[in-house]
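Me: I'd like to go through this model by question and answer, starting with the empty spaces and moving on to the sheets. Could you take a look at it with me?

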Amino acid sequence: MSTTPASIIGAATPRIDGPLKTTGAAQYAADFNFEHMVHAVPVVASIASGRILKLETDTAEKMPGVLLVLHHGNIGPLYRTAPGDDNATNGEVRSAFEDEVIRHWGQYVAVVVAETLEEATAGAAAVRVEYEPQPANLRVSLDDYAGARKTGSERGDFDSAFADAPVKIDATYITPIETHNPIELHASVVVWEGNHVTLYETSQGVVNHRVVMAQVLGLPVENVRVVTRFLGSGFGGKLFPWPHAAMAAVAARKLDRPVKLSVNRRMMFSNVGYRPRTEQRIRLGASKEGKLLALSQSYLNVTSQLDDFDENCGEATPYLYSVANLEVTSGMVRRHLGAPMYMRGPGAVPGLFGLEAAMNELADQLKLDPLQLRTINDAARDEDKNLPFSSRHFRECFEVGAKRFGWERRTPAIGSMRRDGKIIGWGLAGASWVALRLPCTTTVEFHGDGRVSVRCGTQDIGTGTYTIFAQVLHEKTGVPLERIDVVLGDSALPDGPMSGGSMVTGSVLNAIAAAAANATKRLLQLASTTQDSPFHDAKPEMLAFTEGQVHKKDQPAATGTPFTEILRHARLNGLSAEGKTQPSWEDPKAKGFSLHSYGAQFVEVEWEPEIARLRVSRVVTVIDAGRIINPKAAANQIAGAVVMGVGMGLLDETVHDQRTGQPINGSMADYLVATCADTPDIDVTFLDYPDPAMGEYGARGVGEIGLAGVAPAITAAVYHATGVRIRELPVRIEHLLQSKILEA
Ligand code: MOS
């Protein structure tokens, strides 16, 4: 019996891959094992800056089980990626094992390969490295930056408008280095067959990973295959390849044996990216009624010695509000740290912390409800690109959220709201994230055994990609979910997008719909042309395909013939067709529009001044992300992002030892993330307006938007409860101790 609901689009379908995950049958990269496989363990630098004077590997090489010690002196060529391909990789990969220079603590200096993991670990511990240390710049604050500022966006004349504005905010907002910390560690398992290599990877983009590895290893791209069947998340840290994949690949080639290299948790804090520290000066000029007259955001972000990493804090700034005079400028500040990498909502999430916190301060200064300030300054069109929005319901997010939260009961005076002996603080902030439809290809196949499959070279980062693809295929074919196979996570499949930028849903669904339509057309043609088919006399236009049955259009589906019968008469084992997504920038229905998702975050904190305890107790979040394909998976994304936002507001921060550059809290015991005990009561609402620019399904994707706006809503609630204005994340108890509430 089918468990498929009548209307599958918008149904809270459980994960089709859930049973595989809960029974342990789902294979993550490090779960792949091969005969004669050996293990690689890296040796990492213990200084932040300097040179390797001597690498003593003799002892390690003589240890039991040790087969190989690779380092910059013997690894042979690892090629750089071509100029212009810089987005395909990061500086760490470009410089992997290239020279004796140490640019950050934890940089790989050698890798020991042995028969067992224990032997490789012991071998790695026996490698002796002598360094010539050089002064390292590990300064946390970026305020020493004296370099040029790059202009990102500009309109009107900010300087004179700000000078003339009757009401002003001028403040600097700081977000710290945060580490992605997906539960699944990065790993590579590499198998060579002659001159062909297969990498089982923790990759958010198997297609790009394949291209980069081909370049780095000096192979034709068709000789490389990358497989990522399941991901234990990534948060952006797995978007691009890191050096360990190349190290494992070279080791496997030299030994002619499969190699497994799993990055350990401590290395995860130094070698696979982080959200860089940002320092943003925000200046707002407004009229006494609260109309924005001038807006400037000037931000700095930290980067490594090799990368030109721009955190793009101005992502949402130029279009979110209506303001005639605006400038966004930026600069990057080099430190002796590993390479930064995009992290959930890169740019917009830290950028909106600055902008939305400043908007809340402006509302307080004007004695205006912060919700009203957003309403007054809502934008009717994208004033940066000078384009209409495809679908924007930013104001409605606030209106709906205010009702669900009970915002009208807020009394604005600091510390004025109490419940159960605790002080209650309420705050809000807006959220936004970009939408795009990327080009991609899928194939849909009707199989002789009655199953239908869709194949695409994208991957499921853990968000429900497998499930929503099955939903769309069910909608198009009527074949029940139990007989649908979604095949993802392999670079040998038709080119699909990275699991990044919340863009998979909006991009791939269109290609699935197109492939299903093409396959159906071929099936009906087959039904009409095949000798023994019951529809041999009918023109394909007279036929329809419903609930897995071919039938005459003027007759009910129940009178039809299963597609397997048609295939059998034609002596075919299967029939497939391709479908493509036209990118939004080529589609006349999309290219003249500004495409974004929106949201509103309402936060309640509980403050107990006697014991200096602060807790986020309640969050109401309203999201405008186009049509929601699966409200269960989507609400799960938003709630998870809100929990991450509690971490960003109160806990997340990577701290480096100023002497060595080692992350001091580089373990899951020391790095604080929000746990179940920190999780507030979360209420998620979707507005569910299909975005016509996104194609048939009107879905924009929900992976990142839920994190935007949480942290500034928290600091606004903290101010409301405690009277302490916190502009640097995370909120710390020592700052809250400045609260004068008890004295009042
Ligand atoms: Mo996301 S930071 O685009 O994986």
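Reply: Sure. One term before we start: a pocket here is an open set of grid points with protein on both sides within 12 Å along at least five of seven lines. Keep in mind that this is a predicted model.

Me: How much space lies in the second largest pocket?

Reply: The lining of this pocket takes in 14 residues, and Asp364, Lys367, Arg410, Pro412 and Ala413 lie nearest its centre. By class, the lining has eight nonpolar, one polar and five charged residues. The space in the second largest pocket comes to about 320 Å³.

Me: Which helices each supply at least two residues of that lining?

Reply: The lining of the second largest pocket has 14 residues. At least two of them come from each of two helices, H10 (348-366) and H17 (710-722).

Me: Is Asn360 buried or exposed?

Reply: Asn360 is found in helix H10. Leaving aside neighbours within four places in sequence, Asn360 is in contact with Pro370, Arg374, Leu428, Pro712 and Ala716. Its relative accessible area is 5%, and the cut-off for buried is under 20%, so Asn360 is buried.

Me: And Pro588, buried or exposed?

Reply: Pro588 is found in the loop between strand E24 (574-581) and strand E25 (596-608). Its C-alpha atom is separated by 8.8 Å from that of Ala693, 105 residues apart along the chain. With a relative accessible area of 62%, against a cut-off of over 50%, Pro588 is exposed.

Me: What volume does the largest cavity have?

Reply: The count comes to seven cavities of 30 Å³ or more. The largest cavity is lined by 16 residues, with Glu92, Ser95, His104, Gln107 and Leu306 nearest its centre. Seven of the lining residues are nonpolar, six polar and three charged. The volume of the largest cavity is about 150 Å³.

Me: On to the sheets. Which strands stand at the edges of the four-stranded open sheet?

Reply: The order in this open sheet is E20-E19-E18-E24, with mixed pairing. Each edge strand has a single partner strand, so one side of each is left without a neighbour in the sheet; those strands are E20 (484-487) and E24.

Me: By how much are neighbouring strands of that sheet turned against each other on average?

Reply: We're still with the open sheet E20-E19-E18-E24. Direction ignored, the average turn between neighbouring strands is 20°.

Me: Which residue in E19 stands opposite Thr443?

Reply: Strand E18 (residues 440-447) pairs with strand E19 (residues 452-455) in the antiparallel sense, over four bridges. Opposite Thr443 in E19 stands Arg455.

Me: What angle does helix H14 make with E24?

Reply: Helix H13 (residues 465-477) packs on the sheet, touching E18, E19 and E20, with its direction at about 135° to that of E20. Helix H14 (residues 504-529) packs on the sheet too, touching E18, E19 and E24. The direction of H14 makes an angle with that of E24 of about 145°.

Me: Which residue in E22 stands opposite Thr546?

Reply: E21-E22-E23 is an open sheet of three strands with antiparallel pairing. E21 (543-546) and E23 (561-562) stand at its edges, each with a single partner strand, so one side of each is left without a neighbour in the sheet. E21 pairs with strand E22 (residues 549-552) over four bridges. Opposite Thr546 in E22 stands Gln549.

Conventions:
Residues are numbered from 1 along each chain as its sequence is written. This is a predicted model: local features need pLDDT of at least 70, side-chain atom pairs count only at pLDDT 80 or more; totals for chains, interfaces and linings use all residues. Side-chain values use heavy atoms; hydrogens and water are left out. Buried means under 20% relative accessible area, exposed over 50%, partly exposed in between (1.4 Å probe, protein chains only). Two strands pair if DSSP finds at least two bridges between them. Axes are lines fitted to C-alpha atoms, for helices over the stretch in contact, and angles run from 0 to 180 degrees between N-to-C directions. Contact means heavy atoms within 4.5 Å. On a 1 Å grid over the protein atoms alone, a cavity is a set of points where a 1.4 Å probe fits but cannot get out, and a pocket is an open set with protein on both sides within 12 Å along at least five of seven lines; lining residues have an atom within 4 Å of a point. Grid points are joined across faces, edges and corners, and a volume is the space filled by probe spheres set on the points. Ala, Val, Leu, Ile, Met, Phe, Trp, Tyr, Cys and Pro count as nonpolar, Asp, Glu, Lys and Arg as charged, and the others, Gly among them, as polar.
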